[in-house]
Amino acid sequence: MKRALLAPFVLSATVVATSDAHAEVPAWSALPEGHATAPPRTKAPASIAPHERVPGFVVVQPMLHPAIAKGSRHLLVVANAKLAEQVKANGGASGETSPVCFSQQRGFGPTEESEDPGERSFDWTEGFQNQAFVFPRSEHNNGGVTPVHAEQLIEDERGARIESVDAWVDPATRGVRKITSATLPLRLVRTAIGGLKIYAARDERKDVRLVQFVIVQPRRPEVPQTMTIMAMHHDGGSSNATSCSHLRVAVPIRGGEGDGATVTTTLELPPREAKSEEREIRLREARVQLSVSQTARDREPVVSVSFGWAGRETTQRAVGTMSE
């Protein structure tokens with residue numbers, strides 16, 4: 001059995017220990033340049049032939065209870081056939097973390113009906129999931145052919161990068177048609193206790209310049225899978241990554257003023273000396289401040305990353321692994 005113990009409270013202003021606490025975040029010009037895909041601005045096709053396919057997009061019908069309203073009946077998009085089989089077997093939930101993260105709606109608006117020029121339309125919703133929902137069009141909803149964004153964080157001998165693919169998905173035919181793809185090379189800019197990593201890159205587009213931050217929280221079998229990475233943009237927009245290994249936060253560069261986001265996540269602290277077979281896992285919520293600014297005196301945008309505690313330490317004890 002697991003039980004949580006509260007350690008003595010420490011003020012949240014205390015700085016989180018980092019492996020490069022005295023290192024400067026790389027300058028804007030030193031960040032690698034690339035792109036993450038942006039939501040399509042073209043009208044969706046009326047339909048997609050059932051034989052059209054895109055790798056990494058598998059459309060599956062989950063088992064739905066007959067009482068579910070017609071307007072809420074949906075299909076799911078997952079990354080591969082194995083996950084699709086799990087969805088069928090489990091009634092809608094895949095049993096393992098997907099290597100691909102999906103997003104659908106535009107981050108922070110606008111919709112086609114919005115007339116507010118201040119709303120963001122440069123990015124997808126940052127609330128990544130391991131599956132996407134698509135709804136057949138009916139008298140009960142405005143479903144139909146839907147744009148779906150998929151991205152994967154890759155860390156290998158070539159370095160770290162985000163590979164993005166966007167596609168139109170037709171829930172009626174299960175056909176999928178590629179819209180576009182992009183690569184975003186990343187540079188590691190900070191690390192923190194517990195293996196948390198912060199990557200960054202430049203993403204320069206016609207209508208906006210962005211710093212793309214990517215926050216990576218390592219997944220460990222002994223750490224609860226309920227831990228999330230969440231972000232609140234300084235302009236009020238919120239985002240979260242509940243079932244993916246990373247969260248990508250796009251911060252625009254605004255002339256003469258700063259912008260940024262506050263990321264909240266849980267870090268695993270170093271273990272104390274074990275005195276028995278009972279295992280102790282120490283966890284503490286932390287905040288990461290991401291910001292980009294450029295004043296008249298700055299030759300180029302200034303990128304900043306800082307850490308701080310956001311709550312008290314919790315301790316979980318278990319004999320063996322946390323899965324029991």
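This text walks through the strands, loops and side-chain contacts of one protein model. The model is predicted.

Start with the seven-stranded sheet. Its strands run in the order 4-6-7-8-9-10-13. The sheet is open, and its pairing is antiparallel. Strand 4 and strand 13, which covers residues 246-252, are the edge strands. Each of these two pairs on one side only. From one strand to the next, the twist averages 30°. What holds such strands together? Strands of a sheet pair through backbone hydrogen bonds, and the pairing can be parallel or antiparallel.

Now look inside this sheet. Strand 7 and strand 8 are antiparallel partners, joined over 10 bridges. One of the residues to find is valine 169, whose bridge partner in strand 8 is valine 176. The loop between strand 7 (159-169) and strand 8 (176-192) holds arginine 174. Its phi is near 70°, a positive value in a residue other than glycine. Most residues other than glycine have a negative phi. Is arginine 174 buried or exposed? Its relative accessible area is 34%, so it counts as partly exposed.

Move on to strand 9 (196-204) and strand 10 (209-216). Arginine 205 is in the loop between them. This arginine is buried, because its relative accessible area is 17% and the cut-off for buried is under 20%. A polar atom of its side chain lies 2.9 Å from the backbone oxygen of alanine 36. Arginine 205 also touches residues well away in sequence, among them His35, Thr37, Phe122 and Gln212. Another arginine, number 202, meets an aromatic ring. The charged end of arginine 202 sits over the ring of tryptophan 28, 5.5 Å from the ring centre.

Next comes the edge strand 4 (101-103). Glutamine 104 is in the loop between strand 4 and strand 5 (132-134). Glutamine 104 has a relative accessible area of 22%, so it is partly exposed. Which backbone oxygen lies 2.3 Å from a polar atom of the glutamine 104 side chain? The oxygen belongs to phenylalanine 133. Beyond its neighbours within four places in sequence, glutamine 104 is in contact with Trp124, Ala132, Phe133, Val134, Thr146, Pro147 and Val148. Take valine 148. It is 44 residues from glutamine 104 in sequence, but the two C-alpha atoms are 4.8 Å apart in space.

Strand 4 also takes part in an aromatic pair. The structure holds one such pair. Its members are phenylalanine 57 and phenylalanine 102, with ring centres 5.9 Å apart. Their planes stand at 75°, so the pair is edge-to-face. Phenylalanine 57 lies in the loop between strand 1 (4-6) and strand 2 (58-60), while phenylalanine 102 is in strand 4. The pair therefore ties together parts that are 45 residues apart in sequence. Both phenylalanines are buried.

Strand 2 leads to another sheet. This open sheet has three strands in the order 2-3-5, and its pairing is antiparallel. Strand 2 and strand 5 are the edges, each pairing on one side only. Here, too, the twist averages 30° from one strand to the next. Three bridges join strand 2 to strand 3 (residues 75-78) in the antiparallel sense. Valine 60 has leucine 76 in strand 3 as its bridge partner. Helix 1, residues 81-90, packs on this sheet and touches strand 2 and strand 3. The direction of helix 1 makes about 10° with that of strand 2.

Follow the chain to strand 11, residues 229-233. Here the side chains alternate. Ile229, Ala231 and His233 point to one face and are buried. Met230 and Met232 point to the other face and are not buried. Strand 11 runs antiparallel to strand 14 (residues 259-269), and four bridges join them. Alanine 231 stands opposite valine 263 in strand 14.

Finish at strand 15, residues 278-293, where arginine 282 is found. This arginine is buried, since its relative accessible area is 15% and buried means under 20%. Its side chain makes a polar contact of 2.9 Å with the side chain of glutamate 313. Arginine 282 is also in contact with other residues, including Leu267, Glu268, Leu269, Pro270 and Thr314.

Terms used
Residues are numbered from 1 along each chain as its sequence is written. This is a predicted model: local features need pLDDT of at least 70, side-chain atom pairs count only at pLDDT 80 or more; totals for chains, interfaces and linings use all residues. Side-chain values use heavy atoms; hydrogens and water are left out. Buried means under 20% relative accessible area, exposed over 50%, partly exposed in between (1.4 Å probe, protein chains only). Contact means heavy atoms within 4.5 Å. A polar contact is a pair of N or O atoms within 3.5 Å; within protein, one must be able to donate a hydrogen and the other to accept it, and residues adjacent in sequence count only if both atoms are side-chain atoms. Two strands pair if DSSP finds at least two bridges between them. Axes are lines fitted to C-alpha atoms, for helices over the stretch in contact, and angles run from 0 to 180 degrees between N-to-C directions. Rings of Phe, Tyr and Trp (its six-membered ring) pair if their centres lie within 6.5 Å; planes under 30 degrees apart count as stacked, over 60 as edge-to-face and the rest as tilted. A charge sits over a ring if NZ of Lys or CZ of Arg is within 6 Å of the ring centre and within 35 degrees of the ring normal.
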